[in-house]
Amino acid sequence: MKTLEATPILDWGHPLVARLAAQARGADDRARLIAAHRLIATRLRPVYALNEFRPVSRTLALGKGSCSQRLTVLEAVARAGGIATRVKGLRVDGRLHPRGCVMRAVSAR
């Protein structure tokens with residue numbers, strides 16, 4: 001199910017998120033998301049991080065985030081712009097195993 005709801009992580013009503021959403025301009029939803037993606041790519045330094053429960057506003061305030069944290073920023077900007085989203089992803093537990101990290105499917109609500 002797609003939703004526009006805010007969550008503790010997707011705190012899209014925060015002024016930092018609202019400001020980024022307002023700066024992502026485009027003729028339609030797709031163009032606005034592309035613009036938002038470009039802004040995120042230029043403004044948020046990619047880093048390795050395991051705190052996948054960090055609110056979007058905190059990631060923006062820090063100016064850096066992991067790939068999933070940066071994707072969460074894009075999702076929050078989408079919701080702030082009235083574009084409903086749904087996320088399905090993989091969870092990495094962070095432990096090293098002979099074949100790499102253990103991953104399992106999870107769904108966000």
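**Exercise 1. Classify Val-56 as buried or exposed, and place this residue in the fold.**

Step 1. Val-56 has 1% relative accessibility. Buried means under 20%, so Val-56 counts as buried. The model is a predicted one.

Step 2. Find the element. Val-56 sits in helix 3.

Step 3. List the contacts, leaving aside neighbours within four places in sequence. Val-56 then touches Ile-9, Leu-10, Asp-11, Val-17, Thr-72, Val-73 and Ala-76.

Step 4. Check a C-alpha distance. Val-56 and Glu-75 are 19 residues apart along the chain, and their C-alpha atoms are separated by 9.3 Å.

**Exercise 2. Determine which residues of the largest nonpolar core touch the most other members.**

Step 1. The largest nonpolar core has 16 residues.

Step 2. Those touching the most other members are Val-17, Leu-20, Ile-40, Val-56, Leu-60, Val-73 and Val-77.

Step 3. Assign elements. Helix 1 (15-23), helix 2, helix 3 (56-62) and helix 4 each give two or more residues to this core.

Step 4. Take Leu-60 as an example. Beyond its neighbours within four places in sequence, Leu-60 contacts Leu-16, Val-17, Leu-20, Leu-44 and Val-73.

**Exercise 3. Describe how helix 2 and helix 4 cross.**

Step 1. Start with the axes. Those of helix 2 (residues 29-43) and helix 4 come within 10 Å. They cross at roughly 140°.

Step 2. Give the handedness. The crossing is right-handed.

Step 3. Name the residues in contact. Helix 2 supplies Leu-33, Ala-36, His-37, Ile-40 and Ala-41. Helix 4 supplies Arg-70, Val-73, Leu-74, Val-77 and Ala-78.

Step 4. Sort them by class. The contact has eight nonpolar residues, one polar and one charged.

**Exercise 4. Work out the surroundings of Ser-66.**

Step 1. Locate the residue. Ser-66 is in the loop between strand 2 (64-65) and helix 4 (67-80).

Step 2. Judge its exposure. Ser-66 counts as buried because its relative accessibility is 5%.

Step 3. Look at the side chain. A polar contact of 3.3 Å links it to the side chain of Ser-68.

Step 4. Now set aside residues up to four places away in sequence. Ser-66 touches Val-47, Ala-49 and Glu-52.

**Exercise 5. Find what Met-1 and Ala-84 contact.**

Step 1. Met-1 belongs to the segment before helix 1. At 78% relative accessibility, Met-1 counts as exposed.

Step 2. Leaving aside neighbours within four places in sequence, Met-1 contacts Thr-85 and Arg-86. Met-1 and Thr-85 are 84 residues apart in sequence, yet 8.2 Å apart in space, C-alpha to C-alpha.

Step 3. Turn to Ala-84. This residue lies in the loop between helix 4 and strand 3 (88-97). Its relative accessibility is 31%, so Ala-84 counts as partly exposed.

Step 4. With neighbours within four places again left aside, Ala-84 contacts Lys-2, Thr-3 and Leu-4. Ala-84 and Lys-2 are 82 residues apart in sequence and 5.4 Å apart in space, C-alpha to C-alpha.

**Exercise 6. Summarise the protein chain: its elements, their order and its buried share.**

Step 1. Count the elements. The chain has four helices and four strands.

Step 2. Read them along the sequence. The pattern is α-α-β-α-β-α-β-β.

Step 3. Take the buried share. Of the 109 residues, 29% are buried.

Step 4. Consider contacts with a separation of 6 or more. Residues 24 or more positions apart account for 47% of them.

Note on methods: Residues numbered from 1 in each chain as written. Predicted model: local features only at pLDDT ≥ 70, side-chain atom pairs only at ≥ 80, totals over all residues. Heavy atoms only, no water. Buried < 20%, exposed > 50% of the residue type's maximum accessible area, 1.4 Å probe, protein only. Polar contact = N/O pair within 3.5 Å; in protein donor to acceptor, adjacent residues only side chain to side chain. Contact = heavy atoms within 4.5 Å. Axes fitted to C-alpha atoms, helices over the stretch in contact; angles between N-to-C directions. Left-handed = near helix turned anticlockwise from the far one by under 90°. Nonpolar A, V, L, I, M, F, W, Y, C, P; charged D, E, K, R; others polar. Core = buried A, V, L, I, M, F, W, Y, C linked by side-chain atoms within 4.5 Å.
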